[in-house]
Amino acid sequence: MAKSSSSEREQLPPKINILTMFRLGLFQMGLGMMSVLTLGVLNRIAIKELAIPATLAAGTIAMHQFVAPSRLWFGQMSDAKKMWSNHRTGYIWIGAALFAIAAFLAVQVMWQLGSSIYNQGWSFVTYGWIALLAGIFALYGLALSSSSTPFAALLVDVSDEDNRSKLVGVVWSMLMVGIVIGAIISSKLLPAASTCQESAVGTVSLYSQPAQLAILQSSINRLFFILPGVVTGLALLSTFGVEKKYSRYTSRSIVADREDQITISRALKVLTASRQTGLFFTFLLAMTLSLFMQEAVMEPYGGEVFGMCVAETTRLNAFWGTGTLLGIGSTGFLIVPRIGKQKTTQIGCILVALSVGLVIASGFTANRQVLQGALVLFGLASGVTTTGALSLMLDFTAAETAGTFIGAWGLAQALARATATVSGGAILDVGKQLFSAPVLAYGLVFTIQALLMVLAIWLLSRVDIVEFRSNAKKAIASVFENELD
């Protein structure tokens, strides 16, 4: 028995090292770049330069989040079905290539939609372009889900509880690096002040200025061709060989070599066994909704309230991203090991609510430096919250159905981000109807954002990881024993 136990220990994969953590982070860095392109650049151009209504622009882009239920399926698939001899890597690679292609196609349809609105108004053709753009973003979301969900499950597979917060700190720091790099590259490749004619009231489509439109189209098309290609390369580089060397999936799971045991229905039975699953799911919804409600309106906020141009508002992502990078980088190594994951998350949520108040206050000063400082503080608070919450999220998994659990948590976050994108634009439109001053309209969005974070703090106080683990273990034993019987 002793010899057998010793032999099993010798066969365990090595512990993941810091260099490999940073290499895995390259994938998240790529996702950070893509988020700048879609929710930053594309959203800004649609609303401000092409005069597409904010609710419509945000709604079509948010379609990539509304297909989030597919994350459960992709997670379960990566649990059950190997691709190219691995459970996670093949899904990551194929998904990355597909979402890069979809992003480029979305830009081409956006030009057609803007042209149709300007030349034909709200015609049948215009609605057709809207439907096509929404469909492409749905495909983009499916590709993103098929890649990012197995990647998050891979992080569970290659880590242990004692080094998981460090892995989260490194990998999600790289996400912020990607946002900063994406913001800088985008601002360099975008045209300069020639397209910075902002209007305090309303927006005029750039289709009325063909020369400036041609410059903008050339820059945007080049940007959406280069960066998605780079992101696909990063996905390949970051995960090549990692699963084979470091994954503990087979040694942890009692059904890893019995693919017939991991069906979606059985995985869902384990997923729903504990009331803590529902509580944590709801917490993730509220927290993520609060963190990202500003994302769809921040760049228009910079344009309308502070008089910034496209390149300048794109760089706002760099201030927020830098703050978040500092928060994530320090939290995983310094704060979580000292006060724990749940306490860290709670403190971060409180700081987010306070920093959103500073973003509101900056609008009344109309001072760009004040806004930039407020975004750094908001990013710092977001980094603390994100690291704590993600470390908790990876703990809220069961080895046998890690992909399915990650799919569920990804579903909560994606639904929240989709709702945040749409509601941010919709609340802004309502605010503009209620208030003549743009700063008040945007302030309404940020106020609701802060209130949602207060709700998240209350939900977090009811989360109990010990209860979850106890229920999950019983459910796994029950489900798989019953199936074997």
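**Figure 1. Helices α6 and α7 are roughly antiparallel to each other.** What you see here, as in every view below, comes from a predicted model. Helix α6 covers residues 89–120, and its axis comes within 8 Å of the axis of α7. The two axes cross at roughly 160 degrees, and angles over 145 degrees count as roughly antiparallel, so that is the label this pair gets. The crossing of α6 past α7 is left-handed. Sort the residues of this contact by class and you get 26 nonpolar and seven polar ones, with no charged residues.

**Figure 2. Leu139 is an exposed residue in a helix.** Stay with α7 for a moment, since Leu139 is found there. Is Leu139 buried or exposed? Its relative accessibility is 55%, and exposed means over 50%, so Leu139 counts as exposed. Now look for Leu98: in sequence, Leu139 and Leu98 are 41 residues apart. In space, their C-alpha atoms are 8.6 Å apart.

**Figure 3. Helix α5 meets helix α7 at an oblique angle.** Two packed helices are described by the angle between their axes and the distance between the axes. For α5 (residues 70–80) and α7 (residues 124–158), the angle is about 45 degrees and the axes are 9 Å apart. That pair of helices is therefore oblique, and α5 passes α7 in a right-handed crossing. Who does the touching? On the α5 side, look for Ser70, Arg71, Phe74, Gly75 and Ser78. On the α7 side, the contact is made by Leu142, Ser145, Ser146, Ser148, Thr149 and Pro150. By class, this contact of α5 with α7 has three nonpolar, seven polar and one charged residues.

**Figure 4. Arg71 is a buried residue of helix α5.** Zoom in on Arg71, whose place is in α5. With a relative accessible area of 11%, Arg71 is buried. Which residues does Arg71 touch, not counting residues up to four places away in sequence? They are Gln65, Ser145, Ser148, Thr149, Gly407, Gly410, Leu411 and Ala414.

**Figure 5. The buried residues of helix α3 sit on the same side of it.** Helix α3 spans residues 54–61, and its buried residues are Ala54, Ala57, Ala58, Thr60 and Ile61. Around the axis they cover an arc of only 165 degrees, which is why they end up on the same side of α3. Here's a handy bit of background: an α-helix has 3.6 residues a turn, so residues three or four places apart point the same way.

**Figure 6. Helix α16 packs against helix α18 in a right-handed crossing.** The axis of α16 (residues 316–339) and that of α18 come within 6 Å and cross at roughly 35 degrees. From α16, the residues in the contact include Leu316, Phe319, Trp320 and Gly323. Among those they meet in α18 are Leu371, Gln372, Leu375 and Val376. The contact of α16 with α18 divides into 12 nonpolar and 11 polar residues, with no charged ones.

**Figure 7. Ala366 has a positive phi.** This residue lies in the loop between α17 (341–365) and α18 (368–395). Phi of Ala366 is near 55 degrees, and this is a residue other than glycine. Ala366 counts as partly exposed because its relative accessibility is 43%.

**Figure 8. The whole chain is built with 21 helices and zero strands.** Zooming out, buried residues make up 59% of the 485 residues in the chain. Take the contacts between residues at least 6 apart in sequence: 85% of them join residues at least 24 apart.

Terms used. Residues are numbered from 1 along each chain as its sequence is written. This is a predicted model: local features need pLDDT of at least 70, side-chain atom pairs count only at pLDDT 80 or more; totals for chains, interfaces and linings use all residues. Side-chain values use heavy atoms; hydrogens and water are left out. Axes are lines fitted to C-alpha atoms, for helices over the stretch in contact, and angles run from 0 to 180 degrees between N-to-C directions. Helices (H or I, at least four residues) and strands (E, at least two) are DSSP runs, numbered from the N terminus. Angles under 35 degrees count as roughly parallel, over 145 as roughly antiparallel, 65 to 115 as roughly perpendicular and the rest as oblique. A crossing is left-handed if the near helix is turned anticlockwise from the far one by less than a right angle, and right-handed if clockwise. Contact means heavy atoms within 4.5 Å. Ala, Val, Leu, Ile, Met, Phe, Trp, Tyr, Cys and Pro count as nonpolar, Asp, Glu, Lys and Arg as charged, and the others, Gly among them, as polar. Buried means under 20% relative accessible area, exposed over 50%, partly exposed in between (1.4 Å probe, protein chains only). The arc is that of the directions from the helix axis to the C-beta atoms.
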